[in-house]
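Reader: I'm new to this structure and would like a close look at just one part. Could you walk me through the place where the ligand sits?

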Amino acid sequence: MSVAEQSIAGAGDRSPGFMASSVGRKVVMALTGVVLWGFVTVHMLGNLTSYMGAEAMNHYAEFLHTMIHGMGIWVFRSVLLVAVLLHIWAALSLTLSNQAARPVGYREKQNQAATWSSRSMRWTGVILGIFIVFHLLHLTLGTVHPDFIKGNAYHNFVTGFQVPWVAAFYIVAQLCLGLHMWHGVWSFTQTLGWAHPRYNALRRNFATGLTVLVIGVNISYPIAVLTGIIH
Ligand code: HEM
C-alpha cells in the first residue's frame, strides 16, 4: 500500500500525531533507512583505501577523526545514533501495532511472502545490532581485538581479520545486512508508491544492484585479508 493509500485508509483512525500514525512511523523508518544506507555506502567506499595500503587507510582514518577540529566525527556519530534509535523505535512499534491489529483466524498462507520478509527483517535487524556493537568494540575501541593499536586503522583492520572466526562473523553479518538492505530498498520504494507492475522489475533490479555492490565490496575485505591480498 502506498503512503497516499494508507493516508486514505487511516483517515478514520483516532487522529494520532504524525509520528504515532502508521504512515508517520513508516516515513521515519524509510528516512532513517536512507541515512543508514548512505552511511554504509560511504563507509564501504572509505574502506577501499585498505586496498591502497597502510598509509592511504591511516590518512583517511586520521582525516575522519580530525575534520572540523575533531568536531566532525561527533556530529556524524550523533546523526548516526539518532537515525539508528529512530529506525529501531519505528520498527518495533510498527511490529507491535501490526500484531495487535491482526484479526483472529488470520490465514498465514495468504500472506506467507509478506510474513517471511518482515520476519527476516526482524532477525537480520537483531543480528545487525549485535554486529554493530561487536564492530565498535573490535575496530573502534579495540576491547575485543587481539592486537589493537590506537590510531593505526590499517594494522587493526589486517590483524583483526586474520582471526578466522572474526572474518567469518563479518561475512555472515554482511549477508544479513544484504538481506536487510534489499528488503529495505524494496519496501522504501513501496512506501513511495512505486509498487506497480510496470515498475516492479525496475524496483527489484535497483534493490539488487545497490545491495550486491555494497555487500560484495564489504565481504571482499575479510576475504582479501584471509587470502593475503591485503597484508
Ligand atoms: C566488512 C565491512 C566493514 C569494514 C571492513 C569496516 C571497517 C571499519 C573500520 C576500520 C573502522 C574504524 C575506523 C577508525 O579507525 O576510525 C570502522 C568504524 C565503524 N564502522 Fe565499520 N566496517 C565494516 C562494516 C560496517 C557496517 C556494515 C557498519 C554499520 C552497519 C559499520 C559501522 C561502523 C561504525 C558506526 C564505526 C565507528 C565510526 C566512529 O568512529 O564513530 N561498519 N569500520
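Author: Here is a walk around the ligand, starting from its metal and moving outward. Keep in mind that this is a predicted model.

Let's begin with the iron atom of the ligand. Its protein donors are His-43 and His-135, each using its NE2 atom, at 1.9 to 2.0 Å. These two come from distant parts of the chain: His-43 belongs to helix α2 and His-135 to helix α5, with their positions 92 residues apart. Six donor atoms surround the iron, and the arrangement counts as octahedral because of the angles they subtend, 87 to 179 degrees; for that label, opposite donors have to be over 155 degrees apart and all others between 65 and 115. As for His-43, its relative accessibility is 32%, so it counts as partly exposed.

Now for the other atoms of the ligand. His-65 has a side-chain N or O atom 2.6 Å from one of the ligand's oxygen atoms. With Arg-77, a polar side-chain atom sits 2.5 Å from a ligand oxygen. His-135 turns up again here, with an N or O atom of its side chain 2.7 Å from a nitrogen atom of the ligand.

Stepping back, there are 23 residues around the ligand, and the nearest are His-43, Asn-47, His-65, Arg-77 and His-135. By type, the shell splits into 15 nonpolar residues, seven polar ones and one charged. Plenty of helices chip in: α2, α3, α4, α5, α6, α7 and α8 each give at least two residues. Helix α5 provides the largest share, six residues.

Note on methods
Residues numbered from 1 in each chain as written. Predicted model: local features only at pLDDT ≥ 70, side-chain atom pairs only at ≥ 80, totals over all residues. Heavy atoms only, no water. Near = heavy atom within 4 Å. Polar contact = N/O pair within 3.5 Å; in protein donor to acceptor, adjacent residues only side chain to side chain. Helix = DSSP H or I, 4+ residues; strand = E, 2+ residues; numbered from the N terminus. Nonpolar A, V, L, I, M, F, W, Y, C, P; charged D, E, K, R; others polar. Donors = N, O, S within 2.8 Å, 3.2 Å for Na, K, Ca; no water. Tetrahedral: all angles 85-135°; square planar, octahedral: opposite > 155°, others 65-115°. Buried < 20%, exposed > 50% of the residue type's maximum accessible area, 1.4 Å probe, protein only.
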